[in-house]
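Here are some short exercises to work through with the structure open beside you. Try each task before reading its solution.

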Amino acid sequence: MMIKAVSEFFEKEGVMDLAEYKSRGSDVPVKDYLLRRAFGSWNRVLSVVNKRYPVSVAPVEVEAPKKAPKVKAEKEDVE
């Protein structure tokens with residue numbers, strides 16, 4: 001139940017690290033110390049969320065970088 005609630009919260013707000021999660025105060029569904037007590041560490045909480053209830057995030061479209069036009073180097077005649 002805790003992991004499902006956290007996963008739904010992450011879908012709305014985005015996946016965050018422990019410091020950002022703590023900064024949300026009482027707006028989070030489960031307090032961080034309860035999650036860490038149950039799972040051991042914050043990284044383990046995140047891995048369990050990813051395994052059991054994966055957070056689906058829409059892929060960000062990134063434009064391909066434009067290539068600079070090739071400049072021909074002109075050689076100077078040395079006399």
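**Exercise 1: a salt-bridge network**

In this predicted model, the side chains of Glu20 and Arg24 meet in a salt bridge, with 3.5 Å from N to O. Find which residues are linked with this pair in a network of salt bridges.

*Solution.* Start from Arg24, which also forms a salt bridge with Glu13, where the closest N and O atoms are 2.9 Å apart. Arg24 sits in the loop between helix 2 (18-23) and helix 3, while Glu13 belongs to helix 1, so the pair ties together parts that are 11 residues apart in sequence. The network therefore links Glu13, Glu20 and Arg24.

**Exercise 2: buried or exposed?**

Classify Asp32 and Arg36, whose side chains meet in a salt bridge (3.0 Å, N to O).

*Solution.* First, place them: both lie in helix 3, four residues apart, about one turn of the helix. Next, apply the cut-off: buried means under 20% relative accessible area. Asp32 has 11%, so Asp32 is buried. Arg36, at 30%, is partly exposed.

**Exercise 3: two helices**

Describe how helix 1 (residues 2-13) and helix 3 pack.

*Solution.* Two packed helices are described by the angle between their axes and the distance between the axes. Here the angle is about 130 degrees and the axes are 11 Å apart. That makes helix 1 oblique to helix 3. To finish, add the handedness: helix 1 passes helix 3 in a left-handed crossing.

Key: Residues are numbered from 1 along each chain as its sequence is written. This is a predicted model: local features need pLDDT of at least 70, side-chain atom pairs count only at pLDDT 80 or more; totals for chains, interfaces and linings use all residues. Side-chain values use heavy atoms; hydrogens and water are left out. Axes are lines fitted to C-alpha atoms, for helices over the stretch in contact, and angles run from 0 to 180 degrees between N-to-C directions. Angles under 35 degrees count as roughly parallel, over 145 as roughly antiparallel, 65 to 115 as roughly perpendicular and the rest as oblique. A crossing is left-handed if the near helix is turned anticlockwise from the far one by less than a right angle, and right-handed if clockwise. A salt bridge is a side-chain nitrogen of Lys or Arg within 4 Å of a carboxyl oxygen of Asp or Glu. Buried means under 20% relative accessible area, exposed over 50%, partly exposed in between (1.4 Å probe, protein chains only).
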